[in-house]
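Here's a quick briefing to read alongside the model. Have the structure open and follow along.

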Amino acid sequence: MVRVSAADEVLDVVDRDDRVTGRAPRGEVYAGGLLHRCVFVQARDAQGRIFVHRRTASKLVFPSAYDMFVGGVVGAGESYAEAALREAGEELGVAGLAQPVPLFKFLYEGPGGAWWSYVHEVRCELPVRPQESEVAWHAWLSEEELAARVADGEWEWVPDGLEAYRRLRAHRERPVD
């Protein structure tokens, strides 16, 4: 079996309206600052706690930073929903996970570049075995514990995940019609 490096993975390149305009290897997408697609999945356990982890030092983007989402890039020809389920299963190290629920999409523009970001959520009551190549440390934190960790500034958070977290909190605070 030939193993493809993360930098060689082919991604859809998209425009500011999230329309596919081409394809390129991830390394070229990152180096050229090309718009692409990512998924963010907030995983909660049976008690409603949130899966939080520190990325490995070998990650191409934001190595060793903390994140409150699992997820990653959407592969060429892959839908956001397919990528959300694949990425959540891979990073949590579980099989048989329910399809993550899509919540909202936004264009992230900040440190690291710019990409379309689709935020999802999923309940994971299965025992997790996080992917060692992706996750250096993990824990399940309550909403309050996570909010305190974000506020105290002691952990370096991935900037796109932090933006998704802030938008998710605002999304949940909106009144339902």
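**Ala6 and its surroundings**

Setting aside neighbours within four places in sequence, Ala6 touches Arg26 and Leu60. Keep in mind that this is a predicted model. The bullets below stay with Ala6 for a moment, then step back to the whole chain, and finish at Glu78.

- You'll find Ala6 in the segment before β1 (10-14).
- Is Ala6 buried, partly exposed or exposed? Its relative accessibility is 37%, and because buried means under 20% and exposed over 50%, Ala6 counts as partly exposed.
- Lys59 sits 53 residues away from Ala6 along the chain, yet the C-alpha atoms of the two are separated by 9.0 Å.

**Fold and overall shape**

- The protein chain has four helices and nine strands.
- Reading from the N terminus, the order is β-β-α-β-β-β-β-α-β-β-β-α-α.
- The radius of gyration is 16 Å, close to the 16 Å that the globule rule gives for 177 residues, so the protein chain is as compact as a globular protein of that length.
- Along its principal axes, the C-alpha trace spans about 45 × 40 × 35 Å.

**Packing and contacts**

- Of the 177 residues in the protein chain, 47% count as buried.
- Take the contacts between residues at least 6 apart in sequence: 62% of them join residues at least 24 apart.

**Surface and charge**

- About 9200 Å² of the protein chain is exposed, and carbon and sulfur atoms supply 51% of that area.
- How many charged side chains of each sign are there? The protein chain has 21 positive and 29 negative ones.
- The centres of those two sets lie 1 Å apart.

**Glu78, a buried acid**

- Glu78 is in the loop between β6 (70-73) and α2 (80-92).
- With a relative accessible area of 16%, Glu78 is buried, because the cut-off for that label is under 20%.
- What does the side chain of Glu78 reach? At 2.8 Å, it reaches the backbone nitrogen of Gly75.
- Leaving out neighbours within four places in sequence, the contacts of Glu78 are Val73, Ala83 and Arg86.

**Side by side**

- Ala6 is partly exposed, whereas Glu78 is buried.
- Ala6 belongs to the segment before β1, while Glu78 belongs to the loop between β6 and α2.
- Each has an arginine among its listed contacts: Arg26 for Ala6 and Arg86 for Glu78.

Definitions and conventions:
Residues are numbered from 1 along each chain as its sequence is written. This is a predicted model: local features need pLDDT of at least 70, side-chain atom pairs count only at pLDDT 80 or more; totals for chains, interfaces and linings use all residues. Side-chain values use heavy atoms; hydrogens and water are left out. Helices (H or I, at least four residues) and strands (E, at least two) are DSSP runs, numbered from the N terminus. The radius of gyration is taken over C-alpha atoms; the globule rule is 2.2 Å times the number of residues to the power 0.38. Buried means under 20% relative accessible area, exposed over 50%, partly exposed in between (1.4 Å probe, protein chains only). Contact means heavy atoms within 4.5 Å. Accessible areas come from the Shrake-Rupley method with a 1.4 Å probe; for residues, only the protein chains shown count as cover. Lys and Arg count as positive and Asp and Glu as negative; His and the chain ends are not counted. The place of a charge is taken as NZ of Lys, CZ of Arg, CG of Asp or CD of Glu. A polar contact is a pair of N or O atoms within 3.5 Å; within protein, one must be able to donate a hydrogen and the other to accept it, and residues adjacent in sequence count only if both atoms are side-chain atoms.
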